[in-house]
Structures are given as C-alpha cells and as structure tokens.
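Got the structure open in your viewer? Keep the selection box handy, and let's walk through it together, stop by stop.

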Amino acid sequence: MRRLPLLVMMCVLLAGLAACGGHGKLDKAVRSVLVSGDTTRAAYDSLCSLVTENPGKYSDLLTPEGKVDHKKMADFIDKIGSQLRPPMHWDTRPYGGVDDLSLTVYFERSGSMVPYDQRGGGGQLKKAVNDLINHFPAGSKVDINIVNDGIYPYQHTVDEFLKDRDIYQSTAGIGDASYTDFQLIFNKILEAQRPGNVSVLVSDLIYSPKDTRGVSLDKIFNEENSLATRAFAKYKGKSVVVQQLMGDFSGKYYPYNGVPFEYSGKRPFYLVIIADNDAMDQLAQDKRYSGVLDAPAVSNSYRFNQSTSEVECRVLPEWKDNAGRFRVKHGDGIVLAKCDGDRQTGKLCFSLAANLGSLMKDDAMLTDVSNYEVKSIDGYTLTVQPIDQSMVTANNKEYLEGMTHVLTLVGDLKSPRDEVHIALRNELPAWVRQSSSTSDTSAGGSFSTTTLGLEQLLGGMFDAMKGGSNYFDIIINLQR
Amino acid sequence: MKHLVYLIIGIAVTVLFFILSCTDGFNIWELLYFNQGYNDKMYNLDMYPVIAAITILVAWGGAAIYYYAINSVKFDRWYHWLAVLGVVAVLAPVVCYIYNDTVFANNGLMYIGESIQFEMQTVLFAALLFIVASYSMRWWSSNCRHTPLPQ
C-alpha cells in the first residue's frame, strides 16, 4: 500500500512515453516507403489499401464514396516526406486518379521527307515514330495525321501504320507535298490540343513556304523566326521538347533557291513534342512513359520552358569531395550551419545532389559550368557531374535517389555568413547553333549534320516561351 | 510528500528526455555526437525513440531491481549502488548498439565506427537516468532507501 504512489507514477511514466512515441501505422508505412526508396505503384497501392481497410481512422483521406482521395493522399505523403532528412517528395500523380495521356502524331509528308524512308535505308525515321507510339501504354488513344500544306488524318489503323514498310508510298497523294506551312501546322496543333494530349510533329524542320521565288534567305529566316514566336506566344502554359535524331537519307534533296541534287547519307530529323506543362511533366516523370523523352536514338534534345523551374536538391553529408565541416539545418531552404574549413587548406567543399532531369536539357549543357552563374562573397566555384551507378552506395542511396547530377562547390571559408547563388542561365543550347546552316545548295561540309534555318525557327520558339532569365535558382546559406 | 515530489520530478525529467529524443530541430542525441549522414539515418529510420526507450527502461529497470528486488541490507552500501550503475551504463549502450546494428543491417547500411562513438552518449545518459530513477524510487525501498547517500 505504501508503494501505491510509486506504482501509479510508474504507470504515468509509461503512458507518457507511449503517448510521445512514434507515428500511426500509415505514417510509418509512408515513411518506410520513402526511406527505402520503394516508390512504386505497388507501394502506393498498399498504402491505399491501408487507408481503405481503416475507413474510420483515415476518413479524411477518403472521398464521400469511400474511395481514396488521391489529392489528399499526395498531400499526406508530402507532409511525411517533408519531415524526413533530407525532405523527400514522391510524385504519386501517375498512380492515382490521373488520366492516361493521349498521343497525336503529325507526320510530315513533304518532298524533302520522302528520302528518309527508302527501302534501302536504315528506317530510323519510321522506327523513331513507331517507338514513340509503342512507348505509350497499351490502350492509350493514338491519332496519326499527315501534314504538308495542311493536316490530313491518316486513313488506316495504328497497327497498319506500325507495319507499313513504305509509309510515303502509302500516303502518296495526300495534300501538296511541295511545301510545308509551319505556321498553319503549329497553329492547328496548338489549337486542337486538349488537356492530357501530347502532340508530336515528325519533321526535318526545314521551312519551305509556297512561292519563294526571288525572296532572299535572310527574309525567309526572319519570317520563319517571327511565325514560330507568334504561334507559340499565343498559347500559354505549353511545353515543347525538340529532339534531334539522325536518319539515313537517300534521294533527291531540294535546296532553297538551288538546283535539286541526289544525296545519300545521314541527315538530321526532329520530333517536336508539344504538351501542356503538367502533361509534359507527367511524360517526364511517369515511368509508364519512359522511352518517350529519353529514347536512346535521340542525339540532342531541348525543352522550351515558360517559367523558372523548382529543382529538387539535397546536400550530400557523406561525399568523397566534401572538405571541412558543416551541419545541414532542416527547414525552409538550404542552410549549412557550423561551417568550418578544412584544417589544412581552410577550404569548404560541399556537394548537392539535384534532379535536373525535369528541365529536359541535354547533359552537355547541364555539365558545362559556363552555362551557370555562381555568386557568393567568398567566390565559390562550381563543378557539375552526372550521377552514375558507381557513385551510389548504401549509405548515400537515399540522397541520390531520383537525382541526376551532383553540384560541387568549393571556396575559401572567410566570411562569417555567406549566400551562394547558383543559377542555370536560360539560353538556347549550343547544339542548335551547331546544327543550323544558312546554305544548303550542296552536300559538302556540314550538310549531313545541319538543317537550314534551324536556329531561326527554334530561336523564334525560344523567344515565345522564355519565361525568365534562369531555368532555376538555388540559394545556399552558409553560417559559421 | 517530499518523496512524491522527487518521483514526479524524476518522471518529468525522463519524459522530457524522451520527448527531446523524438524531435527534429533540437535532438538531445545530436548534442554530443553528430555525423550528418549517420544521424539523418537514425532519424529517418525512427531509431531515436527506440534508443531512448531502451535507455530509460534499462536505467529505471536497473534502479527498480536494486531497490525492490535486491533490496537487501547486505547490498545497501554506496558501492553496491555504484556497481548497479556500472552495469546499467554498460548494458544500455550494448543493447542500443545491437539494435542499431540490426536496423542498419536490415536496411543495407554500414555504420560500425559511428555507432560505437554514438553509443558513448548512451553510457552517459543511462548513468544520469539511473541517478534520476534512484532518487525517484528509493524512498519506498525497505532496506536500500538510504543508498547511495543517506537522507
């Protein structure tokens, strides 16, 4: 009896500990999925099952009909993810309540395109289009159109298109193949596009309007540039990815204001992928569409963005290049506290893993530090390297999961406080200029790798869609 | 009444210790030893609350055994109490280390050196909690209530 107060208080202690401890079952399950990196559809479905099996407990995550409210579920997962170190984000949009994307192919059938799909050639152009269609999940709505002076529906089924060994032969006689009206084509594509639709123009991107006799090439380039700007500026909220591929070309080439000549060899062709920003993001992130934007045959690609993107990044606490000491503060923004330079050199070196994949820029551009602007008091310098599997260890896996590049900064730690700004400048990539020519009258020189007036056409699109001066900005606060 | 106040303070200190073991911004386990990668894993894998619970259970359990199971005049000297403190201060980090190592191994992680350094804190926390528990519960022991220091 005299020990009763002790027993009562011990019970209070245990109850206190139990009340403080841990998370609910769903919290723990979400945490476990995020920490283990098992961010798959199966994992998402098991989380949804947990919710539907306990409707009383998780009623706030259910719709009035008793189904999982995927928007609320995503918010819940994000809330748990934001409490982790480093904060984690899982894009669950592909798994719940998001409609499949539809595909509309616009296949250019002008005279200059026919030599890309000759029986004796490698058939890279047709394969690229077939792959594009096949990379959409089975059951997706696919429409095919033939374009030249206008847009004409393909009269056969998708399966027949895939099997067609001589697509230009079977589509002979559709429209006027002597010129390509990009203004009309872009306008029609953008006008016809509905939410959730991905439109792809398959073309050599050579502007060949009607009746150009006596018109100077400069004038044509200016016209081309203006029409591209005008077409895309009218439609806000669009993203465009231009992919450059190489294909066998065998046949007559029609130069601008020149004598047609026979050419056999490689020539570039392009896939212009147009979609609403969110549909393009889904295309980039949803694994069901993998292969559409990252096809191995693509030699160069570029995404035209309309706004500065949010880039997900995490400080790497255990990294081979790290020098000196720092402690990552958790909360809003990137803050490195208690920074201390290396004992021998006095330098502070730290690395961030960043997901630059969503920008859809080619690797040459992303790893070229001259494309970045780095500002700080102590003059930090930047290096960028792509992440490969050899860098991933068990201990750093969760920091590198879903990330594409490592950004390493080195500087002399002198100031008590510093703010390092990293920005990727919004500029047309070098490959566009390198792939563009101002003359196509002969097959010599760089004819096999260049396209007449490409820089002017893509430059016009760039002007229309340039949202800000940078693709992204990262600010790192350093405190001693 | 004075003894009950000791008990309440002891419990409050212990609960506070547990709460500060679960928090993100200020975590008591990150005061004396900090290695960003290691501590982040400990936090993400929800190991801090378990480590804290093990330390509390071993410390309070050790005190309870001394004052109510051993509870003998043969063992009521201060060095008997100190021996139990020593056992607690060794047992708690060993159990915590085994738990750490098991969780890390299950997740494919390897932090042997860091875990050993980290568990040095457990020696300190277990000893402190044992003292707190001793002063919370000794008053109701029939034979050891004057240990370690007579009141």
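Here is a short tour of a few places in chain A, followed by a look at chain B. Bear in mind as you click around that this is a predicted model.

**Stop 1: an open sheet in chain A**

Start by selecting strands S9, S10, S18, S15 and S12 of chain A. These five strands make up an open sheet, and the order just given is their order across the sheet. The pairing in this sheet is mixed. Now look for the edges: they are S9 (325–329) and S12 (372–375) of chain A, each of which pairs on one side only. How much are neighbouring strands turned against each other? On average by 20°, with direction ignored.

**Stop 2: from the edge strand inward**

Stay with S9(A) and add S10 (residues 334–340) of chain A to your selection. The two run antiparallel and are joined by four bridges. To see one particular pairing, pick Arg327(A): its bridge partner in S10(A) is Ala337(A).

**Stop 3: a covered strand**

Next, select residues 300–304 of chain A, which is strand S7. Is this strand mostly covered or mostly open? Mostly covered: five of its five residues are buried. Turn on the side chains and check which way they go. Asn300(A), Tyr302(A) and Phe304(A) point one way from S7(A), while Ser301(A) and Arg303(A) point the other way.

Now bring in strand S5 (residues 238–253) of chain A. S5(A) runs antiparallel to S7(A), and five bridges join them. One pairing to zoom in on is Gln243(A), whose bridge partner in S7(A) is Ser301(A). That is a handy residue to pause on, since Ser301(A) is also among the buried residues you just looked at.

**Stop 4: a helix residue and a distant partner**

Jump to Asn222(A), which sits in helix H9 (residues 217–233) of chain A. Why does Asn222(A) count as partly exposed? Because it has 13 C-beta neighbours inside 10 Å, and a residue needs 20 or more to be buried, or 12 or fewer to be exposed. Then select Gly453(A) as well and draw a distance between the C-alpha atoms. The pair is 231 residues apart in sequence, and 9.5 Å apart in space.

**Stop 5: over to chain B**

Finally, select chain B and colour by secondary structure. You'll find five helices and zero strands, so to speak an α-α-α-α-α pattern when read along the sequence. Chain B has 151 residues, and 36% of them count as buried. For contacts in chain B between residues at least 6 apart in sequence, 80% join residues at least 24 apart.

Methods
Residues numbered from 1 in each chain as written. Chains lettered and ligands numbered in written order. Predicted model: local features only at pLDDT ≥ 70, side-chain atom pairs only at ≥ 80, totals over all residues. Pairing = 2+ DSSP bridges. Axes fitted to C-alpha atoms, helices over the stretch in contact; angles between N-to-C directions. Contact = placed C-beta atoms within 7 Å.
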